[in-house]
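Have your viewer ready, with the selection tool at hand. We will walk from stop to stop, picking a residue or an element each time and looking at what surrounds it.

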Amino acid sequence: MERTLILLKPDCVQRRLVGRILSRFEDKGFNIAAMKLIQVTPEMAKVHYAEHVEKSFYPGLEAFITGGPVVALIIEGLEAIRVVREMLGATSGLKASPGTIRGDFSSSRQMNLVHASDGPEAAQREIGIYFKEEEIVPDTPTLTPWLRAADE
Ligand code: CMP
């Protein structure tokens, strides 16, 4: 089982797409281990996007990600990090394949609706930015035996 950090970005919230995009993850069979509506601060943005802070697009990215409420959640499931990234599609909505979230809903490189951790180290680091340990709710939904075999 893996956990990954997902942000439903301000464009997702403003466009009233939260329910539809959450449904994609629920439909796939992932568990929601934590979830909250937050306002990302410039300080949080700089920590989260540390690898991009020096890039030319960073000022616009910070203004965007702090520009409205964001839904932060932790998704849990088998190979969740890779599977969720594939569900999002390429960074730019113009390049993302049809059938992916960005391919279906976004036409932008910056306003690409959803962020998800790109590897195990990033997931651990990003979960720590947005959630305290006590905000994560351990749970095994009753449907789990109908979503995968016991030895998977
Ligand atoms: P995300 O997956 O959250 O990771 C970094 C974010 O920076 C990315 O989604 C986009 O929102 C944004 N981004 C990445 N590349 C560019 C770019 N070239 N121009 C503008 N925004 C970008």
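**Stop 1: Glu-62 and its partners**

Begin by selecting Glu-62 and showing the residues around it. Setting aside neighbours up to four places away in sequence, you should find Glu-62 in contact with Pro-42, Ala-45 and Lys-46. Please keep in mind as you look that this is a predicted model. Glu-62 sits in helix α4, which covers residues 58-65. Is its position buried or exposed? With a relative accessible area of 15%, Glu-62 is buried, because anything under 20% counts as buried. Now show the side chains: those of Glu-62 and Lys-46 make a polar contact at 3.0 Å.

**Stop 2: Leu-22 in helix α2**

Next, select Leu-22, which has its place in helix α2. This residue is buried too, with a relative accessible area of 13%. Leaving out neighbours within four places in sequence, Leu-22 is in contact with Leu-8, Ile-32, Met-35 and Leu-73. For a sense of scale, draw a distance from the C-alpha of Leu-22 to the C-alpha of Ala-90: the two are 18 Å apart in space and 68 residues apart in sequence.

**Stop 3: helix α5**

Now colour helix α5, residues 80-88. Which of its residues are buried? They are Ala-80, Ile-81, Val-83, Val-84, Met-87 and Leu-88. As you look along the helix, it helps to recall that an α-helix has 3.6 residues a turn, so residues three or four places apart point the same way.

What do the buried residues of α5 pack against? Turn on these elements one by one: the strands β1 (2-8), β3 (70-77) and β4 (114-116), and the helices α2 (18-28), α6 (101-105) and α7 (120-130). Just after α5 comes Gly-89, with a positive phi near 90 degrees.

**Stop 4: the nonpolar cores**

Stay in this area and select Ile-6, Leu-8, Ile-21, Phe-25, Phe-30 and Val-114. These touch the most other members of the largest nonpolar core, which has 22 residues. At least two residues of this core come from each of β1, α1 (10-14), α2, β3, α5, α6 and β4. Which element gives the most? It is α5, with 5 residues.

Zoom in on Phe-30. Apart from neighbours within four places in sequence, Phe-30 is in contact with Phe-25, Ile-75, Glu-76, Gly-77, Leu-78, Ala-80, Val-83, Val-84 and Met-87. Then select Ala-34, Ile-38, Ala-45 and Ile-65, which are included in a second, separate core of 19 residues. You have met Ala-45 before, as a contact of Glu-62.

**Stop 5: the largest pocket**

Time to look at empty space. Rolling a probe the size of a water molecule over the atoms shows where empty space is left. The largest pocket has a volume of about 590 Å³. To find it, select Tyr-49, His-52, Phe-57, Thr-91 and Asn-112, which lie nearest its centre among the 23 lining residues. The lining takes at least two residues from each of α5, β4 and α7, and α7 supplies the largest share, 3 residues. By class, the lining has 7 nonpolar, 8 polar and 8 charged residues.

Pause at Asn-112, in the loop between α6 and β4. Asn-112 counts as buried, at 3% relative accessibility. A polar atom of its side chain lies 3.1 Å from the backbone oxygen of Thr-91. Not counting residues up to four places away in sequence, Asn-112 touches Lys-9, Asp-11, Thr-91, Arg-102 and Ser-106.

**Stop 6: the second largest pocket**

This pocket holds about 220 Å³ of space. Select its lining: Lys-28, Gly-29, Phe-30, Gly-77, Leu-78, Glu-79, Val-83, Leu-147, Arg-148 and Glu-152. By class, there are 4 nonpolar, 2 polar and 4 charged residues here.

Take a closer look at Glu-79, in the loop between β3 and α5. Although Glu-79 is not a glycine, its phi is positive, about 50 degrees. Glu-79 counts as partly exposed, at 46% relative accessibility.

**Last stop: Arg-16**

Finally, select Arg-16 in the loop between α1 and α2. Its phi is near 60 degrees, a positive value in a residue other than glycine. Buried or exposed? Arg-16 is exposed, with a relative accessible area of 67%.

Terms used: Residues numbered from 1 in each chain as written. Predicted model: local features only at pLDDT ≥ 70, side-chain atom pairs only at ≥ 80, totals over all residues. Heavy atoms only, no water. Buried < 20%, exposed > 50% of the residue type's maximum accessible area, 1.4 Å probe, protein only. Helix = DSSP H or I, 4+ residues; strand = E, 2+ residues; numbered from the N terminus. Contact = heavy atoms within 4.5 Å. Core = buried A, V, L, I, M, F, W, Y, C linked by side-chain atoms within 4.5 Å. 1 Å grid on protein atoms, 1.4 Å probe; cavity = no way out; pocket = protein on both sides within 12 Å on 5 of 7 lines; lining within 4 Å. Points joined across faces, edges and corners; volume = space filled by probe spheres on them. Nonpolar A, V, L, I, M, F, W, Y, C, P; charged D, E, K, R; others polar. Polar contact = N/O pair within 3.5 Å; in protein donor to acceptor, adjacent residues only side chain to side chain.
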